[in-house]
Amino acid sequence: MAAPILKWKRVTNTTGPCPRPRHGHRAVAIKDLMIVFGGGNEGIVDELHVYNTATNQWFVPSVKGDIPPGCAAYGFVVDGTRILVFGGMVEYGKYSNELYELQASRWEWKRLKPKPPKNGNPPCPRLGHSFTLIGHRAFLFGGLANDSEDPKNNIPRYLNDIYTLEMRSNSNQMSWDAPVYFGQPPPPRESHTSVAYQEKDGKRSRLVIYGGMSGCRLGDLWQLDIESMTWSKPMVHGVPPLPRSLHSATLIGHRMFVFGGWVPLVMDDIKVATHEKEWKCTNSLACLNLETMAWELLSMEGFEDAVPRARAGHCSVAIHTRLYIWSGRDGYRKAWNNQVCCKDLWYLETEKPSAPTRVQLVRASTNNLEVCWGTVPTADSYLLQLQKYDMPPTTTTAVSPALSAAISTPAVTPALSSGTLPPSPVASGVPTTSPLVSSSVVPSPATPLAATATVTSVLTPALSAPPVAVSPRPAVQQQSLIARPIAPGQTQIRLPVRGMTPTTLTLSPTTTVRPTINVVRTEW
């Protein structure tokens, strides 16, 4: 299976209070929302920010309850609307093993006190660990501990222990478990990534660990079979990316997208070298197909400079088929004693938008046609195709009232498109010399990104025979219709059938289903 064609796009013209640039923060996704917590640059913060991808808007929820202290490089998982925060660095050299819950349905924090494992101690304070949800259990792996009681005297200890936390609705029943596992576990590490992958049959789940830091950058990949609790190091094909830490790894479908992080400046013999002399930030993107266990060659669309700049310690989430990344540390520059952090927001388009649902005719008259269709969250524009022809006098002797109405009204066939070429006139039996008129309107910068933006209308020759038998063939007319979106998520428009006057889209969501016409295509 060929790798998809990918395209980076920078998000601009956001509204609302944009958070300050930072690194060491984390993000999770709930439907269309990207929820960002913690991190920092000039000190660690306890701020909670939310970005709505559907409206291109940042907002700061009014939180209540046991608000956790600011932390960085912590664990962050979401189960429905429950978000858990575990561990992280709260001060320089001081790490945490506290557990907090945020109920996003009411933006309320709560400090949790899970019971320790029956067969040992609870997880020690740490940072740079991974915290991954599989089913209703959160899997904690690895990280970095400080064995010194004095935060100013840091004695680092890399970890490769594993704990699970049952995500039950009753927090009083929560408890840590140190599960028994089989096989050789990954070497100790921190600032690695992990993703949870479920096989096609839905029966087998895997925890996939990649990269990290343990004196030097790591580029190895390990997996834990959840059913048997067995560690293994699978054979991975293809050209691997450079070893890295403080990168992001995000699962979309069966592909794990790895972006950014710290990589060695010069690759020495990994088996000999235990410490690197120099390293740098990268903006490279890699993709691991978890079905074939192969690194795929990526095809990027667009110019080379239209990509995020190099960074590490950023956050990333998958929303629909898009990979969003925000902020992070620019490893090349410093301002006084603080790292310079990126303040930009990007998304990676990993798939072309799917075709919308069939266009549905809501109502029609001699002058107007009202149609609706299902939204496509990742579509930047819709192409509406109308086929119009005038009906010559019929030669049939008896016509029903329904057919009589069809004859008196110009027949218009709407269909949605994604920007590929219109159907060939030859396929519809219309001469190829028939002209084609199209027009499009680019939305103003004030239009919200997810309002989706452009609606283009194109007139094409008829694709099917007229509703009644006629002779000679109907005369095809061309007409360019312009429609302007006025609200996010808009799926219904009202267009004039006659005349060239642009008309405004009307928002009147309806469940009325009239005669339906198949969708032609969609575009990004």
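Setting aside neighbours within four places in sequence, D220 is in contact (heavy atoms within 4.5 Å) with P187, R189, I209, Y210, G211 and K233. The model is predicted, with local features requiring a pLDDT of at least 70 and side-chain atom pairs counted only at pLDDT 80 or more, whereas totals for chains, interfaces and linings use all residues. Residues are numbered from 1 along each chain as its sequence is written, and side-chain values use heavy atoms, with hydrogens and water left out.

D220 belongs to strand β19 (residues 217-225), where strands (E, at least two residues) and helices (H or I, at least four residues) are DSSP runs numbered from the N terminus. With a relative accessible area of 15%, D220 is buried; the term stands for under 20% relative accessible area, against over 50% for exposed and partly exposed in between, with a 1.4 Å probe and protein chains only. The side chain of D220 is also joined to that of W222 by a polar contact of 2.8 Å, that is, a pair of N or O atoms within 3.5 Å of which, within protein, one must be able to donate a hydrogen and the other to accept it, while residues adjacent in sequence count only if both atoms are side-chain atoms.

G39, placed in the loop between β3 and β4 (40-41), is likewise buried, at a relative accessible area of 0%. Beyond its neighbours within four places in sequence, G39 is in contact with R22, H23, G24, H25, I44, V45, C71, A72 and Y74. Its C-alpha atom is separated by 9.0 Å from that of G313, although the two residues are 274 residues apart along the chain.

For the chain as a whole, 1 helix and 43 strands are assigned, and 50% of the 524 residues count as buried. The accessible surface, computed by the Shrake-Rupley method with a 1.4 Å probe (for residues, only the protein chains shown count as cover), comes to about 24900 Å², with 53% belonging to carbon and sulfur atoms. Among contacts with a separation of 6 or more, 63% are between residues 24 or more positions apart.

The largest nonpolar core, meaning a set of buried Ala, Val, Leu, Ile, Met, Phe, Trp, Tyr and Cys residues joined through side-chain atoms within 4.5 Å, has 17 residues, and those with the most contacts inside it are I35, F37, F76, I83, V85 and W107. At least two residues of this core come from each of β2 (26-30), β3 (33-37), β6 (48-52), β9 (75-79), β10 (82-91) and β11 (94-103). Apart from residues up to four places away in sequence, I83 touches V28, I30, I35, F76, V77, V78, Y100, E101, L102 and A104.

Two strands are taken to pair if DSSP finds at least two bridges between them. In the order β21-β22-β25-β26, 4 strands form an open sheet with antiparallel pairing. Its edges are β21 (248-252) and β26 (294-296), each with a single partner strand, so one side of each has no neighbour in the sheet. Another open sheet of 4 strands, also paired antiparallel, follows the order β13-β14-β15-β16; there β13 (130-134) and β16 (176-177) are the edge strands, each with a single partner strand.

| Strand pair | Bridges | Sense |
|---|---|---|
| β22 (residues 255-259) and β25 (residues 285-289) | 5 bridges | antiparallel |
| β15 (residues 156-166) and β16 | 2 bridges | antiparallel |

Within these pairs, V258 has A286 in β25 as its bridge partner, and L165 stands opposite W176 in β16.
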